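Hi everyone, thanks for making time this morning. I'd like to walk you through one structure, so let me put it up on the screen.

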Amino acid sequence: MELFKKILLEKERIKLLDVVKKNVKNLGPNFPGLQTSNTLHKHKSMEILLKKLKPYHKKYNIINCWANFSKGNFMCFHKHENFDENMVYFLENKCNMGPMFKKENSEIEVTKCPENSLLIFNNDMLHSAPCHLPQDRYSIAFEMMKNEEK
């Protein structure tokens, strides 16, 4: 697990946050919280973030990308088993709470991920958005596959 800070300029972050807030919606019972479709990385509004994230995932291609909105009113532990790596960019996260990771001995580790930071972690790590958030939280999730060697 690696954490990188200060990804976007503040005006870039606010502009992207405005777009995300307008596009998250209830996708049904199989999607916790509010989310966008998993093709967010194909939207023009994502160009600056994708450009700034490229150095952090040079060996990987983004396959799926979506924004999440959470008030911390659910837990949904899961893995991204069909992918190699995951990234989460914390677009608005005043409480600095990152994902919760379930360890082998059933312990829960709650990570600290400040607003405007990027967390990269392996696909087989069982995780959930944190519960009982004191403030609203917007994040952008990425599922990635290794680049094919030529």
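Let's start with strand E4, residues 85–93, which is mostly covered: nine of its nine residues are buried. Before I go on, please keep in mind that this is a predicted model.

Who are the partners of E4? On one hand there is strand E7, residues 118–122, which pairs with E4 in the antiparallel sense over five bridges. If you want a spot to click on, take Asn86, whose bridge partner in E7 is Phe121. On the other hand there is E9, which runs antiparallel to E4 and is joined to it by eight bridges. Here the pair to look for is Tyr89 with Ile140 of E9.

As a quick reminder, strands of a sheet pair through backbone hydrogen bonds, either parallel or antiparallel.

Now let's zoom out to the sheet. In which order do the strands sit? Six strands form an open sheet, and the order is E1-E7-E4-E9-E3-E2, with antiparallel pairing. The edge strands are E1 and strand E2 (34–35), each pairing on one side only. E9 also pairs with E3, again in the antiparallel sense, and over 10 bridges. Within that pairing, Ala67 stands opposite Ile140 in E9. So Ile140 is a nice residue to find on your screen: Tyr89 is its bridge partner, and Ala67 is opposite to it as well.

How does the sheet fit into the chain as a whole? The secondary structure comes to two helices and nine strands, and along the sequence the pattern reads β-α-β-α-β-β-β-β-β-β-β. The protein chain has 150 residues, and 46% of them are buried. Of the contacts with a separation of 6 or more, 80% are between residues 24 or more positions apart.

Let's stay with E9 for a moment, residues 137–146, and pick Ser139, which lies in that strand. Is Ser139 buried or exposed? Its relative accessibility is 4%, under the 20% cut-off, so Ser139 counts as buried. And what is around Ser139? Leaving aside neighbours within four places in sequence, Ser139 is in contact with Trp66, Ala67, Asn68, Val88, Tyr89, Phe90 and Leu91.

Next stop, a loop residue. Phe83 has its place in the loop between strand E3 (60–70) and E4. Despite the loop address, Phe83 is buried, because its relative accessible area is 14% and the cut-off is 20%. Not counting residues up to four places away in sequence, Phe83 touches Ile63, Asn64, Asn123, Glu143, Met144 and Met145. There is also a sequence-versus-space example here: Phe83 and Asn122 are 39 residues apart in sequence, with their C-alpha atoms 8.8 Å apart.

For those of you who like backbone angles, here are two residues to check. Lys6 is not a glycine, but has a positive phi of about 55°. Lys6 is found in the loop between strand E1 (2–4) and H1, and is exposed, with a relative accessible area of 75%. Asn116 is also not a glycine, and has a positive phi of about 70°. Asn116 sits in the loop between strand E6 (108–112) and E7, and is buried, with a relative accessible area of 9%.

Now a question I expect from the bench: how many disulfides are there? A search of the whole structure finds zero. A disulfide is a covalent bond between the sulfur atoms of two cysteines. As for cysteines, Cys95 is buried at 15% relative accessible area, and Cys113 is buried at 1%.

Last topic, a pocket. The second largest pocket has a volume of about 150 Å³. Two elements give two or more residues to its lining, helix H1 (10–23) and helix H2 (47–53). Which of them gives the most? That would be H1, with four residues. The full lining is Glu12, Lys15, Leu16, Val19, Lys44, Ser45, Glu47 and Ile48. By class, that lining has four charged, three nonpolar and one polar residue.

To close, let me come back to where we began: E4, with nine of nine residues buried, sits between E7 and E9 in the order of the sheet. Thanks for listening, and I'm happy to take questions.

Note on methods: Residues are numbered from 1 along each chain as its sequence is written. This is a predicted model: local features need pLDDT of at least 70, side-chain atom pairs count only at pLDDT 80 or more; totals for chains, interfaces and linings use all residues. Side-chain values use heavy atoms; hydrogens and water are left out. On a 1 Å grid over the protein atoms alone, a cavity is a set of points where a 1.4 Å probe fits but cannot get out, and a pocket is an open set with protein on both sides within 12 Å along at least five of seven lines; lining residues have an atom within 4 Å of a point. Grid points are joined across faces, edges and corners, and a volume is the space filled by probe spheres set on the points. Ala, Val, Leu, Ile, Met, Phe, Trp, Tyr, Cys and Pro count as nonpolar, Asp, Glu, Lys and Arg as charged, and the others, Gly among them, as polar. Buried means under 20% relative accessible area, exposed over 50%, partly exposed in between (1.4 Å probe, protein chains only). Contact means heavy atoms within 4.5 Å. A disulfide is a pair of cysteine sulfur atoms within 2.5 Å. Two strands pair if DSSP finds at least two bridges between them.
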